[in-house]
Amino acid sequence: MKLMEQEVSKELIFKGKILNLEKYNVRLPNGNISTREVVDNPGAVAVLPIDEEGYIYFVKQYRFPIREVLIEIPAGKFDSPNEDPLECGKRELEEETGLMAKEWIYLGYIYTTPGFSNEKIHLYVAKNLHNVGSNPDDDEFVEVFKFNVYEVEQMIKNGKITDAKSICAFYRYKLYTQSS
């Protein structure tokens, strides 16, 4: 049985600053028509910064949609749809933590919520760090922390780190180091 759905029509429901909401009519594999609502997102990058001693840098920030402060790795959306993911990662790392890196390792990408959004986040590790001073956006308020690997594992295990991109980047990097 085929799994693909075919777009029949598309309607822009909402156009926002960081996302759009689109409504689609699609033809299902059995020929029936159904509706799909899609949050269109330009994509983003998340960076796992690791210093020479093995400490991993995280930021704490308030996330309004869930009304909670999260512990997460530095991340941010593309400024334009064609922005290079590595350049976006470099910008976001510096803005949020004041760090720059000489070594970058690409860990692939993840889809965050494919049931209703096309958001794709590219994951990087940043190493050989040096501090140049943070420069957050005017609407961005973060606190920077660093933890060792054991502390990160315990915070994931105990539900103190619940951010999916951070957990994915951390475990992808662990797998990367085990296979190298």
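Select Gln6 first, and then bring up Arg27 as well, because in this predicted model Gln6 stands opposite Arg27, a residue of strand E2. Now widen the selection to the two strands themselves: E1 and E2 run antiparallel, and eight bridges join them. Strands of a sheet pair through backbone hydrogen bonds, and this pairing can be either parallel or antiparallel.

Next, add strand E3, residues 33–40, and colour the three strands separately, so that you can follow the order E1-E2-E3 across an open sheet whose pairing is antiparallel. Which strands stand at the edges of this sheet? They are E1 and E3, and since each of them has a single partner strand, one side of each is left without a neighbour in the sheet. If you look along the sheet, keep in mind that neighbouring strands are turned by 20° against each other on average, with direction ignored.

Stay with these strands for a moment and show the side chains of Lys10 and Glu22, which form a salt bridge in which the closest N and O atoms are 3.6 Å apart. Lys10 belongs to strand E1 (residues 6–15) and Glu22 to strand E2 (residues 20–27), so this pair ties together parts that are 12 residues apart in sequence. Is Glu22 buried or exposed? With a relative accessible area of 8%, Glu22 is buried, because the cut-off for that word is under 20%.

Move on to Arg63 and Glu72, whose side chains also meet in a salt bridge, at 2.8 Å from N to O. The two partners differ in how they are covered: Arg63 counts as partly exposed at 28% relative accessibility, whereas Glu72 counts as buried at 0%.

Now select Tyr62, Phe64 and Val69 and switch on the surface, where these residues make a nonpolar patch of about 340 Å². Within this patch, Val69 is found in strand E6, which covers residues 68–72. Val69 counts as exposed because its relative accessibility is 52%, and the cut-off for exposed is over 50%.

The next stop is helix H1, residues 85–97, where Lys90 and Glu87 both lie, three residues apart, which is about one turn of the helix. Their side chains meet in a salt bridge with an N to O distance of 3.7 Å. Both residues count as partly exposed, Lys90 at 34% relative accessibility and Glu87 with a relative accessible area of 41%. After that, select Asp79, Glu83, Arg91, Glu92 and Glu95 together, since salt bridges that share partners join these residues into one network. How many salt bridges does the structure hold? It holds 12.

Finally, clear the selection and show the whole chain, which has three helices and 10 strands. If you trace the chain along the sequence, you will follow the pattern β-β-β-β-β-β-β-α-β-β-β-α-α. The C-alpha atoms fill a box of roughly 60 × 40 × 30 Å, taken along the principal axes. Of the 180 residues in the chain, 39% are buried, and the chain exposes about 11000 Å², of which carbon and sulfur atoms supply 51%. As a last point to consider while turning the model, residues 24 or more positions apart account for 55% of the contacts in the chain with a separation of 6 or more.

How values were computed
Residues numbered from 1 in each chain as written. Predicted model: local features only at pLDDT ≥ 70, side-chain atom pairs only at ≥ 80, totals over all residues. Heavy atoms only, no water. Patch = residues over 30% accessible without salt bridge, like charges linked within 9 Å, V, L, I, M, F, W, Y side chains within 5 Å. Areas by Shrake-Rupley, 256 points an atom, 1.4 Å probe, with all protein chains shown as cover. Salt bridge = Lys/Arg side-chain N within 4 Å of Asp/Glu carboxyl O. Helix = DSSP H or I, 4+ residues; strand = E, 2+ residues; numbered from the N terminus. Buried < 20%, exposed > 50% of the residue type's maximum accessible area, 1.4 Å probe, protein only. Pairing = 2+ DSSP bridges. Axes fitted to C-alpha atoms, helices over the stretch in contact; angles between N-to-C directions. Contact = heavy atoms within 4.5 Å.
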